[in-house]
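Hi,

Here is the structure I promised to pass on. Have a look at it first, and then read on for what turned up.

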Amino acid sequence: MYLVFALILLFQIFGESICQNGTRPNIVMVMSDAFDGRLTFDPGSKVVQLPYINYLRELGATFLNAYTNSPICCPSRAAMWSGQFVHLTQSWNNYKCLDANATTWMDLLEENGYHTQRLGKLDYTSGSHSVSNRVEAWTRDVQFLLRQEGRPVTQLVGNVSKVRIMEKDWETTDRATQWIHHIAAPLQQPFALYLGLNLPHTYRTDSLGPTAGGSTFRTSPYWLKKVNSDLISVPKWLPMSAMHPVDYYSTFTKNCSGNFTEEEVKSIRAFYYAMCAEADAMLGQVISALRETGLLNNTVVIFTADHGDLAMEHRQFYKMSMFEGSSHVPLLIMGPGLMSGLQVNQPVSLVDLYPTVLEIAGISAPGDLSGHSLLPLLSKPSVYPPKLHPDWVLSEYHGCNANASTYMLRTGRWKYIAYADGLSIPPQLFDLTLDKEELHNVVRKFPDVWAHLDKLLRSIVDYPNVSKTVHLYNKQQFSAWRQGLGSNYSQVIANLRWHVDWQKDVSASERAVDEWLNGSS
């Protein structure tokens, strides 16, 4: 804690302008995976000790309404790296994202004199993730229910002195700090460093075999001590019978439709918060390296995530949902010349980071970006003239664990969620001022709001047409994949991670697939 106070004092002394001594600032972005943004400000910040996120909050800006543009790893990161909405790059799922040669903001920094380094999880180009994951996305319109994930569980490892649980992330963080000390510190040019973390994403459940997804919340007693167990809430759940049909599908496919005790739910949430604390420590190691090398006072530090984690809210874990736990991401920005202790209510999203980073570096942004620079929201008007940022953000989802393309518009007090063609599946409307738990769909109660927001959404994206495009893509991809397997198809599909439900009635499952492929829609 003393170190954090010392860092604050140093930054207050030296952080006077965005470009100290007339030089362009360095840029460091730390992007975690599955970090609930509501933990970065009150009241969520009280449940777990996050000293370095608190440090950024004290000396920088915290965005209170920052959202992912797609609540799943690869499409979300594709939006962040490209600055474009998901439907514009056709980043439909974890398998289909950006081309390998897509121009990112990091590429433009390098072209304009920055020394750049990317370390850790990138995950924004096509071709990655498991076969199970892509097949689940392609077949989400098939009329069957398959449990695609393992039941969420907790795993306690080590003892009170065991700090490094996610070894891969710690190794990458060590590489980042070594790079700062040995490469960045002697440079005579500005640098940009990106560090991608896996935490607090769940771990693969090894007992379920090599094709299992990530359903294990793993930590040690060291990190659990950072969690205030008295403040862990047990979220309210709607009865399964009262769920929206897409939420019902998500709950079932995430293997959360069974019984959970209150103690199980609290344990899962406690372990998740502990995993967030471990990620915070990695952020702290990077900040400490910048301080030790004298680089901190001329470096803009950004902390964010690709999406959140529901951690048993709405009877779900993981992401793939527009509920707050899944779609609300952290976004904190600290740097020379930027205001300190600022809380920004303006809704923003990850596509805004592309133009923001470029403006920090003094580089003109391309004209085809979906995002808007956030610097006018962070700086005194005399430094950066005010620019209008839209009062809405768009998020969309087309992947697995949701059986319809989903579109979320967040503006003011409202969250509007539309599905598919806008007709076949009922929409949802939540008043986040009165209903923070998102349990009361008021779309029928406020028809004028519904009509206004749907019109606004359609002016941003022709979502019925996009849904049709995704539907056709899914059919074509699955058909080509099945045809390519030939006689091996039955064996391969039976060994995917949802094989148990599939094998209960193979003929019925195959019949449902054939009806879907041969259907006119």
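Let me start inside, with the second largest cavity. Its lining residues divide into six nonpolar, six polar and one charged. The volume of this second largest cavity is about 70 Å³, and 13 residues line it, with F85, S349, D352, S370 and W392 the closest to its centre. Strand 13 (residues 392-397) gives the largest share of that lining, at three residues. Before you go further, do keep in mind that this is a predicted model.

The other cavities

How many cavities of 30 Å³ or more are there? The count comes to three. The largest cavity has a volume of about 100 Å³. It also has 13 lining residues, and D247, S321, M322, T406 and Y419 are the ones closest to its centre. By class, the lining of the largest cavity has eight nonpolar, four polar and one charged residues. Helix 9 (245-253) and strand 15 (414-419) each put at least two residues into that lining, and the largest share, three residues, is from helix 9.

The pocket

Now for the open side of things. The largest pocket comes out at about 920 Å³. It is lined by 32 residues, and if you want to find its centre on your screen, look for R38, P43, G44, E313 and K436, which are the closest to it. What is the mix of classes in the lining of the largest pocket? There are 12 nonpolar, eight polar and 12 charged residues.

Rings

There are 21 aromatic pairs in the model. One of them joins F217 and Y272, an edge-to-face pair with 6.4 Å centre to centre and 85° between the planes. F217 belongs to strand 8 (residues 214-219) and Y272 to helix 10 (residues 262-292), so this pair ties together parts that are 55 residues apart in sequence. Are the two partners buried or exposed? F217 has a relative accessible area of 0% and is therefore buried. Y272 is buried too, with a relative accessible area of 0%.

If you like ring clusters, try displaying Y95, W138, F478, W481, Y489 and W516, which ring pairs link into a cluster.

Two arginines also lie over ring faces. R218 is over the face of Y203, at 4.2 Å from the ring centre. R413 is over the face of W414, at 5.6 Å from the ring centre.

One buried threonine

Last stop: T173, which you will find in helix 7 (residues 167-184). Why does T173 count as buried? The cut-off is under 20% relative accessible area, and T173 has 0% relative accessibility, so it counts as buried. Which residues does T173 touch, leaving out those up to four places away in sequence? The contacts are L195, L197, M282, Q285 and V286.

If you only have a few minutes, I'd pull up the F217 and Y272 pair, with its 85° between the planes, and then the largest pocket around R38, P43, G44, E313 and K436. After that, go back to the second largest cavity and its strand 13 residues.

Cheers

Terms used
Residues numbered from 1 in each chain as written. Predicted model: local features only at pLDDT ≥ 70, side-chain atom pairs only at ≥ 80, totals over all residues. Heavy atoms only, no water. 1 Å grid on protein atoms, 1.4 Å probe; cavity = no way out; pocket = protein on both sides within 12 Å on 5 of 7 lines; lining within 4 Å. Points joined across faces, edges and corners; volume = space filled by probe spheres on them. Nonpolar A, V, L, I, M, F, W, Y, C, P; charged D, E, K, R; others polar. Phe/Tyr/Trp six-rings, centres within 6.5 Å; stacked < 30°, edge-to-face > 60°. Helix = DSSP H or I, 4+ residues; strand = E, 2+ residues; numbered from the N terminus. Buried < 20%, exposed > 50% of the residue type's maximum accessible area, 1.4 Å probe, protein only. Lys NZ or Arg CZ within 6 Å of the ring centre and 35° of its normal. Contact = heavy atoms within 4.5 Å.
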